[in-house]
Amino acid sequence: MAECHPVGFQWVVEARARGAKVFHVDPRFTRTSALADRHLPIRAGSDIVLLGALINHVLANELDFREYVLAYTNAAALVSEDFRDTEDLDGLFSGFDPETRTYDPSSWSYESTGEQAPGETLEGGLHHAKAAGADRYGSGGAAAHPSPPKDPTLRHPRCVYQILRRHFARYTPELVERLCGIPPEDFAELADAITANSGRERTTAWVYSVGWTQHTVGAQYIRTAAILQLLLGNMGRPGGGILALRGHASIQGSTDIPTLFNILPGYLAMPHAHRHENLDDYLEREGGETGFWGNRRSYLVSLLKAWWGEAATEENDFCFGHLPRLTGDHGHYTTVMGQIDGTVKGYFVVGENPAVGSSGGRAQRLGLANLDWLVVRDLTLVETATFWKDGPELETGEMRTEDIATEVFFLPAASHVEKEGTFTNTQRLLQWREKALDPVGDCRSDLWFYYHLGRLLRERLTGDEIDRPLRELTWDYPEEGEHRDPSAAAVLREINGVGPDGRALSSSTQLRPDGSTACGCWIYCGVYAGEVNHAARRRPGREQTPVAPEWGWAWPANRRILYNRASADPEGRPWSERKAYVWWDAERGEWTGHDVPDFERNKPPDYVPPEGARAEAALAGTDPFIMQSDGKGWLYVPAGLADGPLPAHYEPHESPVRNPLYGRQSNPARRIYARRESPYNPPGSPRFPYVLTTYRLTEHHTAGAMSRPLAYLAELQPELFCEVSPELAAELGLVNGGWATIVTSRTVIEARVLVTGRVRPLRIQGRTVHQVGLPYHWGWGGGGLVTGDVTNDLLPLVLDPNVYIQESKAVTCDVRPGRRPRGRAALDLLEVYRHD
Amino acid sequence: MTERMGFFTDTSVCIGCKACEVACKEWNQLPDDGFVFEATSYDNTGQLGASTWRHVAFIEQTRTVRMKEDEGDSGVDRWLMSSDVCKHCTHAACLDVCPTGALFRTEFGTVVVQEDICNGCGYCVPACPFGVIDRREGDGRAWKCTMCYDRQRGGLEPACAKACPTDSIQFGPLDELRERAEDRLERLHADGRSEARLYGESPDDGVGGAGAFFLLLDEPEVYGLPPDPVVTTRDLPSMWRWAGAAALSVAGAVAVAFAGGFAGFRDGGRR
């Protein structure tokens, strides 16, 4: 966190000054470790073992926050008799189809009450796996029955609590030592610390970043942490939570108003070409009727009204038919394969540099070279725009400039200080920034680009029916300045939404399903309440309460901690004076507290939903997780995940270690590309004996386009280097400051050597496992004052099946002393590795 | 003079982000130091110099770490980071030796080189007991931290302190900083971190106390700081006295020599 989020890390320093104990779990000793109370070196790719053992520790010793667990989680829910665990099936959950390598999740559901929960089985399994459904379900996940049969004594063998106990029983401190390389005494210190620091009086927070997500079991890493935090009662409470640190400014914003293929603004699912013929079809299948997702018709219709205005009417399904449709996986890596196969002809690359920043760079560049046209918008001439004249494949002879027909359009972009708008950070906080100066030359903001691109396209439209969606689109923003910039404030107001009177709405609860309201993103509704840009508020923290509600604006409804109903006990009283946050004021008949309650303000704690109630009315006064169809925190996920209702430890796709837990070495549902452009290192291969992990340095940003051209940053970390332990250096003859060659079956690169005791060999399954660390900020061009080989070229194309993130944090490699071979010789070396 | 201003650099919360180095260079428009991989932990700018007025040192401390079986392994268990800067000494030798008056004491009690007056004689370079001030190649003049004199005159804190995310670099009235540092030290000692110590805060040290002082977690030498810095001009008065006496002796000796040969010369010169 200190490495990649130094500004946010000031609050960890602050917490530590107030007595917080900080553990840092990381393969390497980093700048974060330097300020932590304890650093636990771990083998990359083994975190589910560590987290699972913590869960086992909590369950075996009954250290869970029982009142919280009983009231607020699905611990008591009974699961279908048909469910089989990985413990029963040697690493598989029930419902696995080996042919398609996907799960049918119907057996994972809660015990039937005789009625079928809507959408529960229809949208899982194959459909899910085909279209990356996890994000598609939105933050509420898939629908499950709102009130499954329960055993409040938690003794029923098929209740979630007992299933959890059995599932995690083999995740022991001994296993942690064997697979993670963390000694039992260190594990005990961590386990004692987090359990002692949880409960009524105290809370523990987990902070993670892509070290947890970029794995073939990435989503399940986070799930494991979620189970632990729910068991310890650390969700929805101050000082608790699982905090995701994002990789760029406003990455949160770019999932809220998505740049992802599978969701619409506000986490509404992107409709599918064949399964969602019309609006009713779509609404029926996507999500449950209970909880706040039960209002999704209002959210979607208001979105359609924002986009198609007057043209969207009840009679024409509010232009639902104008929305683009999915036909399957249109994620990043599958798109690249489509480019190589010639089915994807054009490509917009905006503020991204896949030729350097994405896994398997060679495949990326093969795809780029096979396009008809490519549009690159960036601050500098990044490698993605220049691969055709200076890419590594020209050196090896695999590509020749004269053979590449791709027409490349490079459009220079304005930087963040040259445009106005909002950033949404990881805590859902929208912060408005002013334009400090005009962009130079032809540089323009993305907002300018898309607005004018849309305007020019619309000028070319005919009366043809195929043009109707674009023709009817609302595209009328006030223009400002000599370059006719569309007003960002007007866009934010459109996102906020307006009511029938044309005035800005103040809350998403005002949205209606009848087309009388328009709203560009339902979770952002309220950011422009009262015609005021609340994101632009800058009242200093010292002038307001510690929650600081008047600094910027957080979605939803300016709530700073989600699900904060859980900060009070079932009766609505704070769990403790020390941790009081939001509570029920019986006298006034409303929820109150330091934050905006993430709950219906006047719903009393003793509210019991009447039979047949829908949406939020179907949730009880004790159900804090209001986006879930049952209002509970899910320890066990009865639907919505592509690779199992519980996390299980699988080895990374490439690992030098055998999985001792199950017969299944790796996640059986992981997405692999069995094709020539995507070779893999065989598991356990003696050719690739070392664990490779990649990361960032404080001094640079991602693929380097924003830092390598800047002298003051480039001089701080001028060259690509690999971090190796003194032991590995001695074994291989690597010299500090010298050169090393790193090899995977994808490519061979060179890096300077940094020998450091901050990387430590680990004892795994009785033998020494060496880890090699590589930052990934260098490329051959990009306007860089410093250049270097591309680390990401080493990485395999293998993905998590839920969200299609690549596994870049734990792969295998070989290391050799000295510089890499040049040209054709590099390919010859690879051939040796692939066929030996 | 207004209140004496200073830096308190608390290295116990430094995360080595180098924001201070970058902010300093940005504000003061300093040239880069070249792009050289030094293979010394995460430090590639080396030391303070004419173009690096804040420098973050990275010290990896290896101790034997427990490990199973025969693996008598070693690993880093402490990574010290410290942002070094000109000390703005109470008794500043650089200022003492400057023949042009380019170096001067500001109204904030800091020591600043005036770039339009410096003639590049370089006397200040060996005079600094910390090796801070340096001449820039190709330019010839001496350069060092000004504690952002221009910003201070505009009522702003120096760029490095402004950019520091963890408040490792604190700027303020020196008296106040010294109190704050004492409190912090006490707190660390109470937490059992007895290795913590202050460096350069005492007015009784060899430079009369630094205007930029530090909280360190190890011996100063570990960070590349002199353990007992002394203003190099401390002995100048006595040296002048000695020189004067010597000159007199020589004169006497010469007189004697004239009177009775050259026998007395050596005695006079041996002081």
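**A cysteine cluster, the cores and the A–B contact**

Cys148(B) sits in the loop that runs between strand S7 (142–143) and helix H4 (149–153) of chain B. The model is a predicted one, and everything below should be read with that in mind. With 25 other C-beta atoms within 10 Å, Cys148(B) is well past the 20 needed to call a residue buried, so it goes down as buried. Setting aside neighbours within four places in sequence, Cys148(B) is in contact with Trp27(B), Pro158(B) and Ala159(B).

Cys148(B) also turns up in a UniProt record. An unreviewed entry there carries the annotation "binding site", which takes in Cys24(B), Cys145(B), Cys148(B) and Cys160(B). These cysteines are spread over 137 residues of sequence, yet they cluster in space, the largest C-alpha distance being 10.6 Å.

Another of the annotated cysteines, Cys24(B), belongs to helix H1 of chain B. Cys24(B) has 26 C-beta neighbours inside 10 Å, and the cut-off is 20 or more, so this cysteine counts as buried too. Once neighbours within four places in sequence are left out, the contacts of Cys24(B) are Trp53(B), Arg54(B), Ala159(B) and Cys160(B). Ala159(B) is thus on the contact list of Cys24(B) and also on that of Cys148(B), and Cys160(B), a contact of Cys24(B), is itself part of the "binding site" annotation.

Helix H1 comes up again where the chains meet. Here 32 residues of chain B are in contact with 34 residues of chain A. On the chain B side, helix H1 (19–28), strand S2 (54–64) and strand S3 (74–85) each put in at least two of the touching residues. Sorted by class, that side of chain B is made up of 14 nonpolar, eight polar and ten charged residues.

As for the nonpolar cores, the largest has 173 residues, and the ones with the most contacts inside it are Leu50(A), Ile55(A), Val160(A) and Cys94(B). Not counting residues up to four places away in sequence, Cys94(B) touches Leu103(B), Val111(B), Cys124(B), Ala127(B), Cys128(B) and Ile133(B). There is also a second, separate core of 58 residues, with Leu374(A), Val753(A), Leu754(A) and Leu794(A) among its members. In soluble globular proteins, nonpolar side chains tend to be buried together.

Chain A has an annotation of its own. In an unreviewed entry, UniProt lists "domain: Molybdopterin oxidoreductase" for residues 14–381 and 411–452 of chain A. Across residues 411–452, chain A is 17% helix and 26% strand, and the C-alpha atoms at the two ends are 13 Å apart.

Note on methods:
Residues numbered from 1 in each chain as written. Chains lettered and ligands numbered in written order. Predicted model: local features only at pLDDT ≥ 70, side-chain atom pairs only at ≥ 80, totals over all residues. Contact = placed C-beta atoms within 7 Å. Helix = DSSP H or I, 4+ residues; strand = E, 2+ residues; numbered from the N terminus. Nonpolar A, V, L, I, M, F, W, Y, C, P; charged D, E, K, R; others polar. UniProt positions renumbered as here; feature names shortened; annotations may be inferred. Core = buried A, V, L, I, M, F, W, Y, C linked by C-beta atoms within 7 Å. Buried ≥ 20, exposed ≤ 12 C-beta atoms within 10 Å, placed from the backbone.
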